[in-house]
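Let's take a walk through a protein structure together, one neighbourhood after another. Keep the picture in front of you and find each residue as it comes up.

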Amino acid sequence: MSEKNTALYIHVPFCIKKCPYCDFYSVATLSLKERFVDALLTEISLREDPQSAIDTIYFGGGTPSLLAPREIESILSRVRDHFNLETDCEITLEVNPGTVGPGYFDEIRRFGVNRLNMGVQSLCDEKLGFMERIHSAETAGQALRSARRAGFDKLGFDLIFGLPGETETSWRKDLDRALEFHPEHLSCYMLTYEPGTPMHNELQAGRISPLDDESAASLFKFTSTYLEANGYLHYEISNFAAGPGHRSRHNRKYWDLVPYLGFGPSAHSFDGSTRSWNHADVRRYGDELEQGVLPVAETETLTREQVLIEMVMLGLRTSGGIDIKAFEKISSQGFMEMFKEVARECAARSWAMIVNHRFILTLEGRLFLDTVTSLFAEKIWNR
Ligand code: SF4
């Protein structure tokens, strides 16, 4: 496995119903699923590249676990026919615990899926009710046990915290329930109110009182220290692994600006300098592929400044920080020469440190990720 191998992302744009806080592209029109799978198979064939070595495949969405095992089998087999898959390829499927019946995990494991990311969100029914999830804590527990029984030894959970009124005590209880399942990976996201979502409208109308900034910051710090005390590595702002080998190989490629291919409506691709993305419209996606046309909505070639900003933005999110040498290779300018004042300010506030040629945010600094990123971006644009 090489860090430079290509990652492959497949966007499955269906959900049983839309959650009120979610702004990912998906529709609840399941009758379009068969047509989507046909179009996806065509897209994979049209974008064939037997030279590129693929070592991670990620089925995201939407709700990829709405795909029947035989649909997953045909998609993976089409990928194998048109790309060069590494033998130890990490193949992850995002699972909504409310969608899986008996035998599902055994079948998908047989077809090659070797890692699951479960959209648990919480193991507390009250929180699940607020988020209008289709599953209960009990259903999530059953799905997790059934995945383990099927032999999955790479299990990740998505959890959401920072709901109105949430306290350290209630969040800790939720985390403890999750830890009883010994997940190899945890993604803990603070609830955000994205413009255009029903929950954002509720907030605007004053029907939801969000957590204040201080409580949100304290929950974020608590999450990090509590999970680290329980043996997890806080290796990216929202991600924790039960050891270095359990970090998401796929997501690390995004953070390291490694090329990736994205298939499906709204999916993005990146070849190292150019980014393109498909139409976020499953009908148009199908129409274009049925005519043998790639459903690309837009393409942009990153300028050197944009690449540098991405390196900063992505690097600051991770525990590895910004790789100063790699940055200087692209910028052709000394890092400290460019960012002397930013580094001084971050050091004075205990937001960052430089270790082994890497500029790394501290836990305190991670609370100010957006501020630090803008300080860097301003210097890059004005250099
Ligand atoms: S199931 Fe996931 S992708 Fe679908 S609406 Fe809910 S949060 Fe969004």
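A good place to begin is helix 10, whose buried residues pack against helix 1 (33-46), strand 11 (274-278) and strand 12 (296-301). Please keep in mind that you are looking at a predicted model. Which residues of helix 10 (residues 282-290) are buried? They are Val282, Tyr285, Gly286, Glu288 and Leu289. Now look at the N-terminal end of helix 10, where Asp281 acts as a cap: one of its side-chain oxygens lies 3.0 Å from the backbone nitrogen of Arg283. Just after helix 10 you will find Gly292, with a positive phi of about 75°.

From here, move to strand 1. This strand covers residues 6-12, and seven of the seven are buried, so strand 1 is largely enclosed by the rest of the structure. In a regular strand, side chains alternate between the two faces of the sheet. You can follow both faces here: Thr6, Leu8, Ile10 and Val12 are buried on one side, while Ala7, Tyr9 and His11 are buried on the other. Strand 1 also has a parallel pairing with strand 2 (residues 49-61), made over seven bridges. Within strand 2, Gly60 is the residue that stands opposite His11.

Follow the chain on to Gly62, which sits in the loop between strand 2 and helix 2. Most residues other than glycine have a negative phi, and most peptide bonds are trans. The peptide bond from Gly61 to Gly62, however, is cis, with omega near 20°. Gly62 also belongs to the residues around the ligand, together with Cys15, Lys18, Cys19, Tyr21, Cys22, Thr63, Asn96 and Arg133. What kinds of residue make up the shell around the ligand? Four are nonpolar, three are polar and two are charged.

Helix 2 (residues 69-82) holds Glu71. Is Glu71 buried or exposed? Its relative accessibility is 7%, and because buried means under 20%, Glu71 counts as buried. Setting aside residues up to four places away in sequence, Glu71 touches Lys33, Val37 and Leu66.

Next, look into the interior. In soluble globular proteins, nonpolar side chains tend to be buried together. Here, the largest nonpolar core has 65 residues, and the ones that touch the most other members are Ile57, Phe59, Phe105, Leu116 and Met118. A second, separate core has 25 residues, including Met311, Met338, Ala352 and Phe359. Let's go back to Met118 for a moment. Not counting residues up to four places away in sequence, Met118 touches Val95, Phe105, Ala143, Leu144, Leu155, Gly156, Phe157 and Asp158.

Another residue to visit is His234, in strand 7 (residues 233-236). His234 is buried, with a relative accessible area of 6%. A polar atom of the His234 side chain lies 2.9 Å from the backbone oxygen of Ile237. The side chains of His234 and Arg366 are joined by a polar contact of 3.1 Å. Beyond its neighbours within four places in sequence, His234 is in contact with Phe220, Ser224, Glu228, Asn239, Phe240, Ser319, Leu363 and Arg366.

Now find the open sheet of three strands, which come in the order 13-15-14 with antiparallel pairing. Strand 13 (322-323) and strand 14 (352-355) stand at the edges and each have a single partner strand, so one side of each has no neighbour in the sheet. Strand 13 pairs with strand 15 (residues 358-361) over two bridges, in the antiparallel sense. In strand 15, Arg358 is the bridge partner of Asp323. The loop between strand 14 and strand 15 contains His357. The phi of His357 is near 60°, a positive value in a residue other than glycine. With 47% relative accessibility, His357 counts as partly exposed.

Leu257 also has a positive phi, near 55°. You can find Leu257 in the loop between helix 9 (249-255) and strand 9 (260-263).

We finish at Gly365, in helix 14 (residues 363-366). Gly365 counts as buried, at 0% relative accessibility. Apart from neighbours within four places in sequence, Gly365 is in contact with Ser350 and Trp351. Gly365 and Met353 are 12 residues apart along the chain, and 9.6 Å separates their C-alpha atoms.

Key. Residues numbered from 1 in each chain as written. Predicted model: local features only at pLDDT ≥ 70, side-chain atom pairs only at ≥ 80, totals over all residues. Heavy atoms only, no water. Near = heavy atom within 4 Å. Nonpolar A, V, L, I, M, F, W, Y, C, P; charged D, E, K, R; others polar. Core = buried A, V, L, I, M, F, W, Y, C linked by side-chain atoms within 4.5 Å. Buried < 20%, exposed > 50% of the residue type's maximum accessible area, 1.4 Å probe, protein only. Contact = heavy atoms within 4.5 Å. Pairing = 2+ DSSP bridges. Helix = DSSP H or I, 4+ residues; strand = E, 2+ residues; numbered from the N terminus. Polar contact = N/O pair within 3.5 Å; in protein donor to acceptor, adjacent residues only side chain to side chain.
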